[in-house]
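Trainee: I should be grateful for a close look at one part of this structure, the central strand of a domain and its surroundings. Please then place that part in its wider setting.

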Amino acid sequence: MAKIGVFVCQCGNNIARTVDTAEVAKYCGEQDGVVHVEDYKFMCSAPGQEMFKKAIKEKGLDACIVSACSPKMHEATFRNAAEAAGLNPFKVEIANIREHCSWVHDDKAVGTVKSKDLTKMMIERIKFNKPLERYVMPLTKRALVLGGGIAGIQAALDLAQAGVDVHIVEREPSLGGNMARLSETFPTLDCSQCIMTPRMVEVQNHPLITVHAYAELEQLSGYIGNFRARIRQKAKYVIDDLCTGCGECWEKCPFSTESEFEMGLVKRPIIYIPFPQAVPTVPVIDNTECPKILKDKCGLCADVCGPDCIDFTQQDEIKEIDFGAIIVATGFQLMPNVYREYGGWRPPHMTPKKLTAKQRKALPRSDAGRLVDVINGLEFERLASASGPTGGQIRRPSDGKIPEVVVFIACVGSRDCNKGVEYCSKICCMYTAKHTMLYQHAVHHGKSYVFYMDIRAGGKGYEEFINRAQDEGAQYVRGRVSRLTKKGDKILVKGADTLTGQAVDVEADMVVLATAMVPQGDSEQVAQTLGIGYDKHGFFSEQHPKLMPVESSTGGIFLAGACQGVKDIPETVAQASATAAKVLGLFSKDEMMRDPEIAIVDQEKCMNCWDCVTVCPYLAISRVELKDRNGNFRKWAAEVNPGLCQGCGICNTACRSKSIELMGYTNEQVYAQITAFGGDII
Amino acid sequence: MGKKIEIHDFEPKIMAFVCKWCTYSGADLAGTSRMDYSPNVRMIRLPCSGRIDPQFMIKAFEQGADGVIISGCHPGDCHYNEGNYYARRRNTTFRQLMDFHGIDIERIEFSWISAAEAIKWTEVIDAFTEKVRELGRHPQYDDEIVDPYAQFLVQKDQESA
Ligand SMILES: Cc1cc2nc3c(=O)[nH]c(=O)nc-3n(C[C@H](O)[C@H](O)[C@H](O)COP(=O)(O)OP(=O)(O)OC[C@H]3O[C@@H](n4cnc5c(N)ncnc54)[C@H](O)[C@@H]3O)c2cc1C
Ligand code: SF4
Ligand code: SF4
C-alpha cells in the first residue's frame, strides 16, 4: 500500500482566496493510499520545506504531492527537499492549483472542486511513479573544432587558453579560411592578414592545440561528452615532422595548376602551400595533378628537398580520437553558379550547387562567350591585396590593364528566390563599399558605380563607412542591372536608376559582383555526418533562434561563424567565443549528470518493428543483438542511448508493442491520471 | 471578492493533453496574467505533443469526457524539433478513425498554442467549452461496454476454479 503525503499550499492568499485549501486537504486525506495531509500558508518557505521533510521522515512517506504553483516554479525545490529527506526525488509531483486554478477562476466553489480534482489526478498518477536515478556519464575533456577559419581559430584559442586540449580539423592545407583572402576589412580598413596571421601562428605554437591540416572528419559516433571522431588525414606526400618549410620544392616544381586560394587568378605549383603565410608551412602534393604520382615522371621536389621529407608512397591515414564537445566552424562560400551565369570568367573551383532551369532563366544574360572581366568579391579582394597576384595593383584579369571604370553590382543572387536565395546576404553592402574605397585608393582617377537595391548597414560604424565610400567618389545608383554585354574590350552594363526612372548604361572596364554568401557545397553531408539540423539553404540550425543561438540541435555540438548563417568577422568571432564558453561550461564538471526521464526499452517485449528508431529525432535508439549465456544470437531489440535521449517520448507513442516507455511519463502514469478524471467538473 | 460563475444545466467535462514547453506554459501565463476562463478543463502535462497517444483520448472519453483538447507548440517550434509534426499527422489519421467508430470528431480539438499565447489558450478553452456544451453530453459510453473476450476470460476463470 502506498504511503502518500499531500501538501496543500495556500500561497499566502494567492490560492486560499479562491480555493478552500482545508477542504481540498480533507478530501485528499480520504483518498486511497494517502496517509498524511497538510494545509499550510507557504509550502516553499523554509519552515514549509522543513515540515515537508519532517513528514517524509516521520511518516515514512513513499510519495508526495504538493498542491501549489506551477511545476516550473517549485518542482525542483520539492524534489531536492525530498532527496534531502531520503525520498527519491521522482516520487514527488506537483498539482498546479495556482496558475491553472486559483488565479484563473474567481468562484471559490469552482476553484475548490477543480483543485480537488487536479490533486486527485496526481495522487492516482504518483502511485505508478518509479524511483529513478540520475545517470552519471563519463566526460572526455577534449574539444574538436571543425574548420580552421577565423571562427575555428578564435574558438580553439579561447579553449586552449582556458586549459582545454583542442584539435582543429581543417580540410585545406592551411588554416585561415576566407578571411585570409581578404585584403582590408570594413569598417576600419585594417589589413586582414595583419590581424589574422599572428592568430594563426599562436594556434600553431600553442601546446594544447593540435592542427590536423588537410584532413577531414569522416565519421562521428557517440554523444555529448563522449564523441568518437574518425579523422581522415589526407596524404600530403610530405613528412610533417621533417619538413622545415624552406620552400625549395615549391619553387622548383615545374608543373602548375590554378590556385584555389587565389580564386584561379594565377597558377600555383603542384607541390604547394596555399599562400605564403600558411600555417602549417608544410606543403602538400596535389595528387590529382602530380605527374610523379600519376605516371611516375618528374620527382624533382624529392631531389631538391634538403631534409628528404618527400614520400610519394604516403597513404591517407585514419585517426580515431575521442572528444567531449564539438565546435562546427565550416564557414561559407560565394554562390558559385550565379557568378558564372553573369559571365564570370573561370569555372569556379568551388563545388557548384545546381540551379533550377527557372533560376537560370531569370538571371541576366551575358552574351555568348564568357566575360573575363566580370569577377566576384573574393576575386576582387585578391586583386586588391598587397600579397595577391598583382601585388595590390588593381588590374583586370583579361589584359592586365588598370580599369578606369568599375561597376559593382550588389545583391547578386541575394534577396531573390528566382535568381538565387531569398535571404539578405548582409555583408555585401559593406564589402562593396569597402571595394569602392580600395579601388578609389588604388586608382585615383578611376570611376566606380554601385548598382544596389537597398543599403543595409546596421553594424557599429557601418553607416558612417557607407557615407565615407560615397564621399570618396563611389556613385551609388539605385536599381538593378539587366544585362552585361561585351563592347570592344569593355563591358556594357545596362541598368536602370529606379529613383529617376531612367535607364543607365555604363561602359565598364571591369564588373564586380557582390554574390550571395551561401553554405559550403557539402554542408548537408557534413550535417548528416555530425547528426545536426540544417535549414533549407544548408546553413546549420541553432537549437533556439533567440535563446540558444550557438547550440546545434544535438547536445555537445556547437556552431560558430558563417556555417550557421551569414556573418561578418566581428559577429563570427563573438559567436566563436560564445561556443568556447559553452564548451568550458560543459567541461567544468568531472562527469555529467543526465536526467533519468528518458526512454527505456523492455527488450524481451520488443518485436523489432524499429518504428522507434525511425521516429526518434535524436537518433538515440539503435538496434542491438541480444545474446544468450553462451554468446549465441538470441533476438534483436531496440536500445536507447541515455546520452542522446532528450525525453520527448515520441518513441513511446510510436511503439505498437508498448515495449519502449518514457520514464516519468509512462502509459501507466498517464492512464492512472486520466482514470481519476470524471468526477464533478464544477 | 469571488465573483460567482454562471452554472448551466450541463457542464461539459474536458480533458486537455498538452506539451510542457508551449501550451502548459501558455496556460501558466494565463494564470500569472490573472485571465479568466471556463473551469471545465483538466490538463495532463506531457513532454511533447508527440507523446500524446490516441488511446489517451479514447480513455478520456471512456472516463466520461465530453471533449478532448490536444495542443502543443506551433509547427517549427517543437522543443524536440519534430514531435508536433508527428502529433499533427497522428491527429489527422486518428480523427478519421474516430469518425469511423462513430465518435463525433467535433469533440476533439487540435490547436497550436505557444508559451506566449495565454489569450489564445483562454479563447480556445472558452470556445471549445461552449461548443461542447451545445453538443451536449457525450453518449458513446453511456451503456456498459460488453467485451466478449473479457467475458470469455472471466468464464474460463470461474470454470477452472
Ligand atoms: C568578398 C568578401 C569580403 C568580406 N569582407 C569582410 C570585411 O571586410 N569585414 C568583415 O568583418 N567581414 C568580411 N567578410 C566576411 C568574412 O569573410 C566572414 O565573416 C568570415 O570569413 C567567416 O569566417 P568563418 O570562420 O565562419 O568561415 P570561413 O572563413 O569560410 O572558414 C571556414 C573554414 O572551414 C574549412 N572547412 C569547411 N568545410 C570543412 C570540412 N567539412 N571539414 C574541415 N574543414 C572545413 C574551410 O576550409 C575554411 O578554412 C567578407 C566576405 C566576403 C565574401
Ligand atoms: S517501436 Fe517498440 S517494438 Fe518497435 S523496435 Fe522500438 S521498442 Fe521494439
Ligand atoms: S524519448 Fe524521444 S529522444 Fe528519447 S529515445 Fe524516445 S524518441 Fe528518442
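Mentor: What follows starts from one strand and moves outward through the rest of the model.

The model is a predicted one, and the strand in question is β22 of chain A, residues 405–412. Of its 8 residues, 8 are buried, so the strand is largely enclosed by the rest of the structure. Two strands pair with β22(A). One is β23 of chain A, residues 447–452, which is joined to β22(A) in the parallel sense over 5 bridges. Within that pairing, V405(A) has K447(A) of β23(A) as its bridge partner. The other is β28 of chain A, residues 510–515, which also runs parallel to β22(A) and is linked to it by 5 bridges. Here V412(A) stands opposite T515(A) of β28(A). In a regular strand, side chains alternate between the two faces of the sheet.

The link from β22(A) to β23(A) involves a helix. Together with α14 of chain A, residues 428–442, the two strands form a β-α-β unit that is right-handed. The loop between β22 and α14 of chain A contains C424(A). With a relative accessible area of 26%, C424(A) is partly exposed, whereas the residues of β22(A) are buried. The C-alpha atom of C424(A) is separated by 9.3 Å from that of G413(A), a residue 11 places away along the chain. Leaving aside residues up to four places away in sequence, C424(A) touches R415(A), R456(A) and V566(A).

These contacts can be read against the domain division. Chain A is divided into domain 1 (4–134), domain 2 (142–331 + 557–587), domain 3 (334–518) and domain 4 (598–662). By these bounds, C424(A) falls in domain 3 and V566(A) in the second segment of domain 2, and the two residues touch. On the scale of the domains, 26 residues of domain 2 of chain A are in contact with 33 residues of domain 3 of chain A. The centres of these two domains, taken over C-alpha atoms, are separated by 30 Å.

The second segment of domain 2 also holds Q575(A), which is found in helix α17 of chain A, residues 569–587. Q575(A) has a relative accessible area of 8% and is therefore buried. Apart from residues up to four places away in sequence, Q575(A) touches P549(A), V550(A), L559(A), A560(A), G561(A), Q564(A) and K567(A).

The first segment of domain 2 contains several backbone features of note. The peptide bond from F186(A) to P187(A) is cis, with omega near -5°, and P187(A) is located in the loop between β8 (184–185) and β9 (190–191) of chain A. A cis bond also leads from V279(A) to P280(A), with omega near -5°; P280(A) lies in the loop between β15 (271–272) and β16 (284–285) of chain A. Y214(A) is not a glycine, yet has a positive phi of about 60°. Y214(A) is placed in the loop between β10 (209–213) and β11 (215–223) of chain A and is buried, at a relative accessible area of 13%.

Domain 4 offers a further positive phi, of about 55°, at K658(A), which is not a glycine either. This residue is found in the loop between α19 (650–654) and β37 (660–662) of chain A and counts as partly exposed at 24% relative accessibility. The residues on either side of K658(A) in sequence, S657(A) and S659(A), belong to the surroundings of ligand 2. Also around ligand 2 are residues including C606(A), C609(A), C612(A) and C655(A). By class, the shell of ligand 2 has 9 nonpolar, 2 polar and no charged residues. Ligand 3 is surrounded by residues that include C616(A), C645(A), C648(A) and C651(A). The shell around ligand 3 divides into 9 nonpolar, 3 polar and no charged residues.

Chain B completes the setting. Its secondary structure comes to 5 helices and 4 strands, in the order β-α-β-α-β-α-β-α-α along the sequence. Of the 161 residues in chain B, 48% are buried. Among contacts in chain B between residues at least 6 apart in sequence, 80% join residues at least 24 apart. The C-alpha atoms of chain B fill a box of roughly 60 × 40 × 30 Å along the principal axes.

Notes:
Residues are numbered from 1 along each chain as its sequence is written. Chains are lettered from A and ligands numbered from 1 in the order in which they are written. This is a predicted model: local features need pLDDT of at least 70, side-chain atom pairs count only at pLDDT 80 or more; totals for chains, interfaces and linings use all residues. Side-chain values use heavy atoms; hydrogens and water are left out. A residue is near a molecule or strand if one of its heavy atoms lies within 4 Å of it. Ala, Val, Leu, Ile, Met, Phe, Trp, Tyr, Cys and Pro count as nonpolar, Asp, Glu, Lys and Arg as charged, and the others, Gly among them, as polar. Buried means under 20% relative accessible area, exposed over 50%, partly exposed in between (1.4 Å probe, protein chains only). Two strands pair if DSSP finds at least two bridges between them. A crossover is right-handed if, with the strands pointing away from the viewer, the path from the first strand over the helix to the second runs clockwise. Domain bounds come from an automatic or database domain assignment. Contact means heavy atoms within 4.5 Å.
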